[in-house]
Each structure stands twice: as C-alpha cells, then as structure tokens.
Number of protein chains: 2
Amino acid sequence: MTNSAALSAREATVLGIIETARRRRAKFRDPTITMSHGAGGRATQSLIEGLLAPAFANATLDAMADAGALVTGGVELALSTDAFVVSPLQFPGGSIGSLAVHGTINDLAMVGARPLALTLSMILEEGLGADVLGAEVTAIAEAARGADVSVIAGDTKVVERGRADGMYLTTTGVGLRDPRARLSPASLVPGDRILLSGTIGEHGTAIMLARNAFELNAEISSDSCSLWPAVDALLEGVGPSLRCLRDATRGGVASVLNELARSSGVAMVVREADVPVRDAVAGAAEILGIDPLYMANEGKMVVFVAPEVAAEALAALRAVPGCEQAVEIGEVRREPPGMVLLHTSFGGRRVLDQLVGDPLPRIC
Amino acid sequence: MTNSAALSAREATVLGIIETARRRRAKFRDPTITMSHGAGGRATQSLIEGLLAPAFANATLDAMADAGALVTGGVELALSTDAFVVSPLQFPGGSIGSLAVHGTINDLAMVGARPLALTLSMILEEGLGADVLGAEVTAIAEAARGADVSVIAGDTKVVERGRADGMYLTTTGVGLRDPRARLSPASLVPGDRILLSGTIGEHGTAIMLARNAFELNAEISSDSCSLWPAVDALLEGVGPSLRCLRDATRGGVASVLNELARSSGVAMVVREADVPVRDAVAGAAEILGIDPLYMANEGKMVVFVAPEVAAEALAALRAVPGCEQAVEIGEVRREPPGMVLLHTSFGGRRVLDQLVGDPLPRIC
C-alpha cells in the first residue's frame with residue numbers, strides 16, 4: 001500500500017475541493033421526494049441532516065448511529081426502527097417478514113446491544129391474500145424465535161387497493177447495551193483496521209433476480225440473517241478494542257464507509273481486491289452496471305478494530321457460522337479527512353464516493 | 001337503572017346465544033384482507049385472535065393491552081407501536097404527524113406508563129411535496145416536545161408514485177411503568193364504575209368533514225392530544241383503585257367496552273343519555289348513520305374505577321384541561337358475561353355490539 005502514502009498535487013487539489021464540500025452539513029432543498037431519498041445515499045443524507053436531525057434535535061439522534069440510546073432506571077437501552085417496503089415480498093433466502101426481523105435486530109447489534117424485544121406494525125393493502133399475510137406472519141415469528149426475541153406489541157392498518165404494494169412493515173427493536181461494548185464512530189483513529197464479515201452484494205442481487213430484471217442462471221440467495229451472534233463473538237474476543245460496527249444495508253459497504261469517514265473526520269483506504277464478492281454477484285453487478293460495493297446486504301457488517309487485535313477479531317468472526325469468509329479490507333487514515341479511497345484491483349486509486357440516485361429501489 | 005336488574009325470558013335466550021358465540025376465540029378465515037380488518041371491530045379481532053396472537057404467542061401479547069410489557073434490569077417498561085394512514089394528512093385539530101405522536105403516547109398512558117421516547121418510521125410516496133413533509137416533521141417535533149418525549153431513532157423509505165398515499169407513519173413508544181398504577185383488564189369486578197374523559201366522536205367527525213364527505217357548516221376539530229396528564233392526575237388521585245384504562249380510538253367507545261367485557265368476562269351497562277356528544281357531532285353522526293359510540297376519538301379514554309373512589313376520580317379528571325366534561329356513564333355487571341348493554345335515551349335497552357365492517361376507513 002505504499003502508493004497511497006503520498007498524494008499527487010492534482011489529487012490533493014481534487015480531494016481538497018470534495019472535502020470542503022463534504023464538511024458542510026447537507027442541506028435539504030429538493031422540492032419533492034424522489035426514490036433517491038430512500039436509497040441511503042447522498043439524498044437520504046440531505047433529508048436526515050437538512051430536515052430530520054434539526055427538527056428532532058437531541059444527543060442520541062445527533063450521534064447518527066443505527067440505534068438511539070435510552071437510559072432509564074440505570075438500564076442502558078438501545079432503540080431502533082425500520083420500515084420495510086421490499087419488492088417482491090418473497091425472494092430467495094428470505095421475505096419481507098424475516099427481513100423486518102433481521103434488519104432491526106442488526107441495527108441494535110451494531111451499537112452493541114443484545115436484542116430483547118420487537119414491535120410490529122403492518123400496513124396491508126386491501127385485497128392482499130390471507131395466505132400471503134399468513135406466510136409473512138409465520139416468517140416473522142420464526143425469525144424472531146431464531147433470534148431469541150419476542151414480538152410484544154403490534155398494530156395493523158389497511159389501506160385501499162392501490163394505496164400500498166401488498167404490505168409494508170415497520171419493526172422497532174429494544175436492546176440492552178452489552179457492558180463489553182465501547183462502540184462509537186468518534187473512537188475511530190488512524191491505523192484502525194477495517195474488516196468485512198463476509199461476501200457482499202447478495203441481498204441486492206437476489207432481489208434483482210427475483211424481479212426478473214435480467215436473464216441470469218445464478219442461484220443467489222439473500223444473506224438476510226441476525227448479526228448478533230457475530231457481534232457477541234467479537235465482543236467476547238476483543239471487547240473494548242472494537243471501535244465501531246455498521247451493517248452494510250441500503251447503499252452497501254461504500255455508503256457505510258462514507259458515512260463514518262464523514263462523521264468521524266477520518267479517511268479510509270479500501271483494497272478492492274480484498275473485498276470478497278461471489279462470482280454470480282460480480283457477474284450480475286457487471287450486467288447491471290452497479291459496483292457490488294454499493295449493493296445492499298442484510299447480514300454483513302463492516303468492523304473497525306484497533307490494529308493490535310485485528311487478527312484476533314478476524315479469528316473470532318470466522319468461527320461464527322456465516323462469517324467464515326471474513327477478511328480485512330483496509331484501514332483508517334488521517335488524510336484526506338471525510339474521504340474513502342479505493343485501491344482498485346487494477347492498481348489504480350480513486351475516490352469511493354457516496355451513492356447518488358437509487359439504482360436499486362425498494363431493496364429492503 | 002332498576003329495569004336492568006332482571007332480564008326477560010326472551011332477552012335471556014337471545015343474550016345466551018350471542019354470549020356462547022362470543023366466548024369462542026375468533027377464527028381468521030377470510031380469503032383476502034378487506035378494509036374492515038383495519039377498522040378495530042370484529043374483523044380486526046379475528047385477525048388478531050385467529051392469526052397474530054397464535055403466531056407470536058407470549059404472555060404480554062396475550063394480555064391484549066394497548067402496550068406490551070418488557071422487564072429488564074429491574075426496570076418495567078411498556079412498548080407500543082402504531083401505524084398511521086389517516087386521509088387526508090391534515091385536518092382541523094391536527095395532522096398525521098401530531099396524531100402519530102399522541103396515538104402512541106396514549107397507548108403507553110393506558111397501561112399506566114409515563115412516555116419517555118419515540119421512534120419514527122416514515123414511508124413516503126415519490127412526488128410528495130417537500131413542504132408537506134416539512135410540515136409533518138414540524139408537527140411531530142412539536143407534539144413530541146409538548147408531551148416531553150424525545151424522538152430518538154428513525155427511518156425513511158420511499159415507494160413509487162401510486163404505492164402509498166402521501167405518507168404513512170409508524171411511531172413506537174417506550175414508557176416507564178408508573179409505580180402508582182395497578183391496571184389490568186382482569187381486575188374489573190361487578191360494581192366498578194365506567195367514566196368517560198369527555199365528549200366523544202370529534203376525531204372521526206373532523207376527518208369526515210375534512211374529506212368533504214357531506215355538507216355541514218360545523219366547526220369540529222379532532223380531539224387529538226396526549227392523555228398522559230389525565231392519567232397522571234388519576235394515578236395521583238385514586239392510584240391503585242384505578243382498574244383499567246382504554247383510549248377509545250378506532251371503533252370508538254363501543255369497541256373498547258366490548259373488547260374489555262369480552263376479555264374480562266364481565267358485563268357492562270352504559271346509560272346513553274349520560275354519554276356526552278357535542279351537537280355538531282351528533283348532527284354529523286345522524287347524517288352519516290353512524291352511532292357516535294362507534295366513532296373514533298384520539299384524546300378520550302374510558303376509565304374503570306372502584307365504586308368507592310368514582311367521585312374522587314371524576315374530580316381528579318375534571319381538573320385536567322380538556323377533561324372538564326368527564327362523566328360517569330355506567331357500570332360493570334356480572335351478567336350477561338362478555339356483553340355490553342345500552343340503556344337508550346328513549347328508555348329502551350339493547351345490546352351495544354362490536355363494530356362490523358368499516359364505516360369510516362383510514363381515520364388514524
């Protein structure tokens with residue numbers, strides 16, 4: 001990685017311009033909502049930073065973590081909520097029901113909280129088949145049982161035909177902060193290693209295949225699963241040396257890295273050749289013209305650890321079923337702050353920028 | 001009320017038939033979802049009892065309260081979630097944003113939990129005006145501040161034009177069980193008094209007027225507000241003698257009474273003439289052909305108290321702004337179990353049954 005140590009004068013100028021723009025808090029100026037506001041990239045960021053965060057200003061929301069913090073009676077809780085609008089409702093490896101459980105559990109796990117309980121809100125479209133609803137209710141119940149959480153409250157609303165798309169779900173999770181965890185984006189320091197818990201892009205690709213969007217004889221299943229067992233193993237293995245965790249959902253690994261680089265004011269360098277991508281996913285990504293680094297995952301996370309425990313953390317991760325292919329993909333740097341640089345497989349170097357637009361709508 | 005003490009032979013037979021049918025757990029056999037499954041009446045009950053409760057079987061869901069219970073680290077929490085799909089988004093007295101805050105806070109208050117924090121999930125329709133979104137974000141923030149709760153986590157998804165109706169919201173609330181509260185539907189005993197915290201039917205009527213559904217020169221505003229101050233006053237006034245609370249939302253007062261009579265195995269007698277209804281609401285109800293007892297409220301509750309503290313409870317309630325018109329409307333009886341009887345304003349007596357169908361869809 002010697003070629004990344006120094007920047008050319010031209011590179012430095014370009015990066016300087018991008019960096020200055022990036023330091024400003026994003027403004028929300030769009031006249032109407034577009035699909036890109038839901039894609040997890042730049043437009044989502046402008047909506048959050050420009051409209052939502054100022055309106056709901058409080059310390060826990062400002063931290064921009066995957067889950068909010070609530071301390072009451074000496075107990076440290078984490079809360080997370082997610083809406084699910086995935087289309088189609090069912091796909092290889094999962095369905096909206098299992099996804100709604102895993103997605104919310106994982107947001108709790110990312111802040112080092114053991115998932116305890118879920119609530120479920122359903123918006124159903126008039127005319128939805130009772131069998132379809134029944135299958136999703138079963139999927140939710142099974143995923144919750146598999147993750148050892150209870151669904152303790154719920155609500156159901158029905159809207160007229162054509163006012164939804166089968167069903168939309170919102171799950172909200174409550175977790176208990178694990179005392180072994182000292183996770184915070186603010187704790188990232190140059191030298192920290194960046195690990196990936198496994199191969200990327202499967203969820204996004206499985207959804208695209210399920211939509212019959214393109215001809216491909218690939219058997220790709222969503223990676224949707226609970227990440228708590230992996231987080232538990234990491235906390236047991238390296239505990240307080242774990243700096244920060246993010247599941248790479250909407251917008252993929254690239255978006256997660258950009259968000260963190262930006263909020264922590266550090267740089268990140270990623271070695272593209274070390275990022276594990278299955279052949280079938282790589283093939284589909286090429287046909288779609290989407291970099292797998294921007295593709296959604298529902299059971300993969302980016303892990304930041306102190307360099308001295310990187311090997312231990314990797315070993316702990318690889319011992320967890322589903323994380324056998326965990327790898328180190330890069331590290332945290334000081335310069336240029338707020339930016340993610342990619343060392344490409346072809347030996348080049350480029351900025352791995354935020355996602356713009358929404359290449360894969362309604363992926364979760 | 002001497003005329004209710006004895007039932008005629010014919011009445012006893014009719015009630016016996018209804019009662020037997022009602023004791024059975026409702027089955028969910030409909031082939032598709034209809035608007036009535038979201039109306040809070042009999043179809044909603046069949047969905048909950050026939051499909052959801054068996055799938056998610058656990059003690060807190062089985063209790064069928066407005067909020068689920070979660071005990072962790074010695075702290076007793078309540079969790080509640082609600083989806084909001086009200087149409088139109090704005091109406092006199094409120095909007096989907098303020099409703100989403102009050103609705104969820106009130107579900108916590110009904111189980112005797114002081115609201116602490118909320119999460120917010122938004123499903124936005126592509127093309128929604130940024131001004132409309134901005135107004136609702138402001139409404140949510142203001143309602144939350146007014147109720148002294150923080151919005152500590154959120155999520156936003158966007159669906160294609162025609163796949164929603166402007167916006168749908170889901171709020172989830174966390175509350176702390178108040179140690180003064182001993183609330184439980186199971187605690188209802190014959191002789192308990194039934195109070196109402198104020199006039200009914202305003203929310204449902206305001207929505208219908210906002211839809212221009214019928215010509216009426218009435219100024220009716222939704223009653224949407226936080227009920228926690230009223231619950232706080234009741235707990236302070238009569239504490240453990242408070243048996244049970246229910247906010248009369250979808251399906252109105254009649255649905256709440258039926259649910260509780262059924263789940264507690266008691267009977268209830270309500271004196272129609274004592275139920276406070278504003279003239280404008282009564283007029284609108286007559287035009288619509290809907291009994292105000294079935295109309296939705298978003299800031300009114302039914303209160304069950306031990307008879308010896310009914311006067312104190314009423315005085316405590318009436319001292320709370322917005323509850324000045326609180327009244328006693330009836331009492332809990334032993335026979336016929338599971339049934340609600342109405343002593344009509346005309347001196348008759350009839351069964352006040354569960355809501356069937358959905359006369360006022362998308363009211364919340």
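Q: What turn and what shift lay chain A on chain B?
A: A turn of 180° does it, with a shift of 0.0 Å along the axis. The RMSD is 0.0 Å. The fit is a least-squares superposition on the C-alpha atoms of residues with pLDDT of at least 70 in both copies. The two copies are thus related as by a two-fold rotation axis. The same surface serves both: 100% of the contact residues of chain A recur in chain B.

Q: What kind of model is this, and what rules apply to it?
A: This is a predicted model, where local features need pLDDT of at least 70, side-chain atom pairs count only at pLDDT 80 or more, and totals for chains, interfaces and linings use all residues. Residues are numbered from 1 along each chain as its sequence is written, chains are lettered from A and ligands numbered from 1 in the order in which they are written, and side-chain values use heavy atoms, with hydrogens and water left out.

Q: How many residues does the contact take from chain A and from chain B?
A: It takes 73 from chain A and 73 from chain B. Contact means heavy atoms within 4.5 Å.

Q: What area do chain A and chain B bury between them?
A: About 6000 Å², with 69% of it on carbon and sulfur atoms. Buried area is the accessible area (1.4 Å probe) that two parts lose on being put together, summed over both.

Q: Why do B:Asp82 and A:Lys157 count as a salt bridge?
A: A salt bridge needs a side-chain nitrogen of Lys or Arg within 4 Å of a carboxyl oxygen of Asp or Glu. Here the N to O distance is 3.8 Å, so the pair qualifies. The count between chain A and chain B is eight salt bridges.

Q: What makes the charged end of A:Lys157 sit over the ring of B:Phe84?
A: The rule asks for NZ of Lys or CZ of Arg within 6 Å of the ring centre and within 35 degrees of the ring normal. The charged end of A:Lys157 lies 5.3 Å from the centre of that ring and is listed as sitting over it. B:Lys157 sits over the ring of A:Phe84, also at 5.3 Å.

Q: Where do the domains of chain A begin and end?
A: Domain 1 covers 74–177 and domain 2 covers 185–351. These bounds come from an automatic or database domain assignment. The C-alpha centres of the two domains lie 24 Å apart.

Q: Which side chains meet in a salt bridge at 3.8 Å with A:Arg114?
A: That of A:Asp232. Across the interface of domain 1 and domain 2 of chain A, the rule finds one salt bridge. The two domains bury about 1600 Å² between them, 61% of it on carbon and sulfur atoms.
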